[in-house]
Amino acid sequence: MGELTSDYIQPSGVSDNHAKSYTHIEVQPLASAMGAEIKDVNLTNITDAEFDELADALYRHKMVYLRDQSLTLDDQENLTRRFGEFGVDAYTTGVESHPQIQRVVKEAEDKAQIIFGGSWHTDSPFLARPPAISLLYGVDIPPFGGDTLWANTVRAYAALSDTMKTMLAPLQVHMSGRRILAAMKQADTASASASFASMEIDAKERILFDGAYHPLVRTHPVTGEKGLYVDESYTVGIKGMSEYEAAPLVRFLCSHITQPIFTCRLRWEKYTFVIWDNRSCLHHAFNDHDGFRREMLRSIVEGEVPQ
Ligand code: SIN
């Protein structure tokens with residue numbers, strides 16, 4: 001055995017986030033790990049040919065974003081529906097006129113310790129059919145801070161040893177919102193209800209608490225790529241293991257996935273529109289903008305039962 005080291009994997013010059021050459025869209029990769037900007041597309045009247053290429057770029061780069069998009073709530077709903085059925089949101093009932101769109105907001109005066117999406121996670125994995133794709137529209141953006149980070153779980157899986165991959169292959173993770181619920185309740189002692197500071201929350205507590213079991217290594221239904229399906233926010237156990245056994249493994253996998261070499265970070269601008277694939281990346285909204293308002297509009301696409 002070689003020398004043991006706990007150091008992060010250092011970049012070695014390798015990048016596999018190159019853009020393909022498309023006919024209808026232009027793609028500019030963001031980082032060597034993942035992410036890409038799609039240029040010269042207007043999401044309000046995207047053609048079928050552009051949409052097909054955008055979806056292909058999404059599966060390739062795991063997260064894509066478009067600047068300067070001017071979308072109504074109807075436009076965002078229509079775009080979301082092109083990817084599939086709306087997903088279930090277990091936290092909010094959505095905007096009154098458009099229940100499929102959730103407002104993600106932190107007011108300037110809020111000093112909340114816990115915000116929506118404020119730790120590494122994949123969206124709603126406590127559901128039997130977690131959302132495949134999430135769409136987020138930047139409406140009000142702090143002058144600095146409030147970035148979002150993503151981590152590529154396919155590249156993280158590929159970087160593991162064959163021995164580790166064999167060990168992980170049969171494992172099922174228990175995904176539950178119980179830790180988030182407890183943290184939200186603790187943060188909002190005044191009402192003893194679950195909340196994320198300025199956001200209106202109508203948490204479906206039973207669904208969040210009970211959660212679901214999913215394969216720790218999941219296969220993407222379109223690309224066939226294998227990725228790690230485990231996160232910091234929702235993974236509460238591994239089937240058949242005691243907490244004492246599971247916790248160090250989950251901790252290792254989360255720190256493995258989220259090391260810098262597998263990540264990208266987006267600086268939001270007003271009217272930036274982001275789309276990511278929850279089956280092949282984790283993400284983390286940064287709660288570092290006290291004194292500045294941040295508002296996003298979010299929608300989700302229902303996914304399959306993870307395989
Ligand atoms: C989310 O986790 O869906 C929200 C991410 C963000 O606000 O940047």
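The ligand sits in the largest cavity of this predicted model. Its surroundings are made up of Phe116, Gly117, His121, Asp123, Leu136, Thr148, Trp276, His283, Ala285, Arg294 and Arg298. By residue class, this shell divides into 4 nonpolar, 4 polar and 3 charged residues.

Two strands each supply at least two residues of the shell: S14, spanning 281-285, and S15, spanning 294-301. His283 and Ala285 fall within the residue range of S14, while Arg294 and Arg298 fall within that of S15.

Oxygen atoms of the ligand have side-chain N or O atoms of the protein beside them at the distances tabulated here.

| Residue | Ligand atom | Distance |
|---|---|---|
| Thr148, side-chain N or O | oxygen | 2.6 Å |
| Arg294, side-chain N or O | oxygen | 2.8 Å |
| Arg298, polar side-chain atom | oxygen | 2.9 Å |

Taken alone, the ligand exposes 260 Å², and the protein buries 100% of that area. For the polar contacts, the cut-off is 3.5 Å between N or O atoms; the value for Thr148 is 2.6 Å, that for Arg294 is 2.8 Å and that for Arg298 is 2.9 Å. Arg294 and Arg298 thus appear both in the list of residues around the ligand and in the table of distances, at 2.8 Å and 2.9 Å respectively.

A separate part of the model concerns strand pairing. Strand S7, residues 172-175, pairs with strand S8, residues 212-215, in the antiparallel sense over 4 bridges. Within that pairing, Gln172 has Pro215 of S8 as its bridge partner. S7 also pairs with strand S11, residues 235-238, again in the antiparallel sense, over 3 bridges. Here Met175 stands opposite Thr235 in S11. S7 therefore has antiparallel pairings with both S8 and S11, given that two strands pair if at least two bridges are found between them.

Definitions and conventions: Residues numbered from 1 in each chain as written. Predicted model: local features only at pLDDT ≥ 70, side-chain atom pairs only at ≥ 80, totals over all residues. Heavy atoms only, no water. Near = heavy atom within 4 Å. Polar contact = N/O pair within 3.5 Å; in protein donor to acceptor, adjacent residues only side chain to side chain. Areas by Shrake-Rupley, 256 points an atom, 1.4 Å probe, with all protein chains shown as cover. 1 Å grid on protein atoms, 1.4 Å probe; cavity = no way out; pocket = protein on both sides within 12 Å on 5 of 7 lines; lining within 4 Å. Sits in = over half its atoms within 2 Å of the grid points. Nonpolar A, V, L, I, M, F, W, Y, C, P; charged D, E, K, R; others polar.
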